[in-house]
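Grab a pencil and work through these short exercises with the structure open beside you. Each task comes with a step-by-step solution.

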Amino acid sequence: MAIVDVTIMPLGAGTTSVSDVVAEVHRLLERSELAIHYQLTPMSTILEGEVEDLYTILKQIQEVPFNLGHQRVAMNIRIDERRDKASSMKSKLATVNKKLRDGAE
């Protein structure tokens, strides 16, 4: 399993807003039959799944702004893949939250 943080920045459409593109990306994620989980955040979208599935969906995500008429697309992608033990969005959050609780005593 891997976790991907992706931010998409469409350019060339005459507006600074990206909410239409983000909404369409999430429609794509909802329709996808790939075994991925995702979470929208205020600044990016977090994806979780097998690396090959993530690469496939990232290519599809990149096409969304072009399909909406943008002439240029920049994407920031961070990939966290662990092969020494299982990792997930949920487990990473649980680890940090546990340390926060333990340190609050």
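Helices here are DSSP runs of H or I with at least four residues, numbered from the N terminus. Keep in mind that this is a predicted model.

**Exercise 1.** Check whether the length of helix α2 fits its residue count, then look at what follows the helix.

*Solution.* Start with the count: α2 covers residues 51-67, which makes 17 residues. At 1.5 Å a residue, the expected span is 24 Å. Now compare the end C-alpha atoms: they sit 25 Å apart, so the two values agree. Moving on, G69 follows α2 and has a positive phi, near 100°.

**Exercise 2.** Work out which residues of α2 are buried, and how they are placed around the axis.

*Solution.* Take under 20% relative accessible area as buried. That picks out V51, L54, I57, L58, I61, V64 and P65. Around the axis they cover an arc of only 120°, so they lie on the same side of α2. Turn to the other side and you find E52 and N67 exposed. The cover over the buried residues includes β1 (2-11), α1 (19-31), β2 (36-40), β3 (45-49) and β4 (72-81).

**Exercise 3.** Find the best-connected members of the largest nonpolar core, and trace the contacts of L29.

*Solution.* This core has 17 residues, and L29, L47, I57 and I61 touch the most other members. Next, ask who contributes: β1, α1 and α2 each give two or more residues. The top contributor is α2, with six. Finally, skip neighbours within four places in sequence: L29 is then in contact with I36, Y38, T45, L47, I57 and I61.

How values were computed. Residues are numbered from 1 along each chain as its sequence is written. This is a predicted model: local features need pLDDT of at least 70, side-chain atom pairs count only at pLDDT 80 or more; totals for chains, interfaces and linings use all residues. Side-chain values use heavy atoms; hydrogens and water are left out. The expected span of a helix is 1.5 Å times one less than its number of residues. Buried means under 20% relative accessible area, exposed over 50%, partly exposed in between (1.4 Å probe, protein chains only). The arc is that of the directions from the helix axis to the C-beta atoms. Contact means heavy atoms within 4.5 Å. A nonpolar core is a set of buried Ala, Val, Leu, Ile, Met, Phe, Trp, Tyr and Cys residues joined through side-chain atoms within 4.5 Å.
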